[in-house]
Amino acid sequence: MRYKFRALMLTFGEHLIFHSMQIKANDPSLKSWVDVPQNSDFPIQNLPFGIFRTEYMDAGAGVAIGNYVLDLTYLHENGFLSGLGLTQGVFNQKYLNDFIGLGKDVTRAVRNRISELLESGNKELRDRKAARELALIPMDEVEMLMPVQVPNYTDFYSSEEHARNVGSMFRDPENALMPNWKHLPVGYHGRASSIVVSGTPFHRPKGQTKANDAASPSYGPCRLLDFELEMAFITCKENGLGNSISTAEADDHIFGFVLFNDWSARDIQKWEYVPLGPFLAKNFASHISPWIVTMDALEPFRVKGPKQDPEVLSYLKYEGEKNFDISLQVGIAPEDSNETIVCNSSFKYMYWNVNQQLAHHSVNGCNIQVGDMYASGTISGPTPDSYGSMLELSWQGKNTIAMNDGSERKFIQDGDTVIMRGHAEKDGVRIGFGEVSAKVLSAKD
Ligand code: MN
């Protein structure tokens, strides 16, 4: 069967294997000889890539399987990944940029080969005790690091529900969307240097704010600290300055996705953002989940996006299903207390899909780089419990959100940990992202 499939690939080329069932690592019937607990985010059908280190090992690339990290440096150096077009030392690095930059033919072949090695009937690694023990490291013994070095970061604003909520609050419910909103995926250039990995604590930002009734601005700690529930895609192929990427070509340029918490200081934002958009309200920290779930692994979870009306311009037209049905969740854990879930949303709600975002971003010839991060914008759903920020959940501080410990929130307090999770589920397969979690420390003196 496997032989037959390879022959098909050779005959018909690359286009066929974009179809989910034709990526053999996605087969729902696959089982691994590695123990994968029920409801794990990391079954054999996922195989997300990340960068880890341990007490004894320098940073290097790994793949998550159950509660283990598979050491790709070890596998590569010991011949388990030969013949796949990998360069020497490509995994023995602090970042995945060089690996993902090899292109999706190579990264897909590597994921398929890892699937083969971990499949229950395969003896190559399973029956070699010493190799197996060196290759598989328990997750609780590793520290996850930034998976890529991020050259550029862009934040879109692609959830209609979020844009309507914010537009209603700050302008007028009748004219909540700006005139451009349904004609182009609105975005802005963010700050790449302050994107950090899950678990990195950060201090409440300080800055300039101005109360509505104040004559002049004041300086001090942000009082309206907020999260934004987002997902981000990471690019793996350059277009070169002056060249555009079409919506059809975009799939080839997108390696995978992470969860993204785009922290926002609402009071700083309100005073600073006119006329050039977000600046210091957004660039003090953004957190990502450490495992990059490949676009390949998400193929079975494609769904149609919302109908786009009015019709979009030709360069934004696309074919096929470009949204992904990924359940998203946000929890707040106050200091020394348990977590309260405050939001359940889904990536499927996005009005503009990632192919359109990338096509729009490059239509003017802007050069996309390997490792760039493109965040979706806050992902809000249609119901109040699916709003992806405290700004919307508390409706600008008019409502309070009850915590399990009896306290209340309008925005995020010092000592709070905000946790975001995401997973897609179908045919008994759960493809998860793990989580992105970060604790807010008090402002520095
Ligand atoms: Mn944002």
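**Note on the cavities and the manganese site**

1. Phe49, Lys104, Thr107, Arg108, Arg111, Phe255, Thr294 and Asp296 line the second largest cavity. The model is predicted, and the space in this cavity comes to about 40 Å³. By class, its lining holds 2 nonpolar, 2 polar and 4 charged residues.

2. Where does the second largest cavity lie with respect to domain 1 (24-145) and domain 2 (153-441)? Both domains contribute residues to its lining, so the cavity lies between them. Helix H5 (residues 104-118) gives the most to this lining, with 4 residues.

3. The count of cavities of 30 Å³ or more is 2. The largest cavity encloses about 50 Å³ of space. Its lining consists of Lys322, Asn323, Phe324, Phe347, Met350, Trp352, Asn353, Val354, Gln357 and Ser376. These lining residues divide into 5 nonpolar, 4 polar and 1 charged. Strand E19 (323-324) and helix H12 (354-362) each supply at least two residues of the lining.

4. Which residues are the protein donors of the manganese ion? They are Asp155 (OD), Glu228 (OE), Glu230 (OE) and Asp262 (OD), lying 2.1 Å from the ion. Along the chain, the donors follow the spacing D-x72-E-x1-E-x31-D. Among them, Glu230 and Asp262 link distant parts of the chain, being 32 residues apart. Glu230 belongs to strand E13 (residues 229-235), whereas Asp262 sits in the loop between strand E14 (254-261) and strand E15 (264-265).

5. Are these two donors, Glu230 and Asp262, buried or exposed? A residue counts as buried when its relative accessible area is under 20%. Glu230 has a relative accessible area of 0%, so Glu230 is buried. Asp262 is also at 0% relative accessibility and therefore counts as buried.

6. Strand E14 merits a separate remark. The strand is mostly covered, for 8 of its 8 residues are buried. E14 pairs with E13 in the antiparallel sense over 7 bridges, and in this pairing Leu229 has Asn261 of E14 as its bridge partner.

7. Strand E14 has further antiparallel partners. With strand E17 (residues 293-294), E14 is joined by 2 bridges; here Gly256 stands opposite Thr294 of E17. Thr294 is also one of the residues that line the second largest cavity. With strand E16 (residues 286-288), E14 is likewise joined by 2 bridges, and Asn261 stands opposite His287 of E16.

Note on methods:
Residues are numbered from 1 along each chain as its sequence is written. This is a predicted model: local features need pLDDT of at least 70, side-chain atom pairs count only at pLDDT 80 or more; totals for chains, interfaces and linings use all residues. Side-chain values use heavy atoms; hydrogens and water are left out. On a 1 Å grid over the protein atoms alone, a cavity is a set of points where a 1.4 Å probe fits but cannot get out, and a pocket is an open set with protein on both sides within 12 Å along at least five of seven lines; lining residues have an atom within 4 Å of a point. Grid points are joined across faces, edges and corners, and a volume is the space filled by probe spheres set on the points. Ala, Val, Leu, Ile, Met, Phe, Trp, Tyr, Cys and Pro count as nonpolar, Asp, Glu, Lys and Arg as charged, and the others, Gly among them, as polar. Domain bounds come from an automatic or database domain assignment. Donors are N, O and S atoms within 2.8 Å of the metal (3.2 Å for Na, K and Ca); water is not among the atoms, so sites may look incomplete. Buried means under 20% relative accessible area, exposed over 50%, partly exposed in between (1.4 Å probe, protein chains only). Two strands pair if DSSP finds at least two bridges between them.
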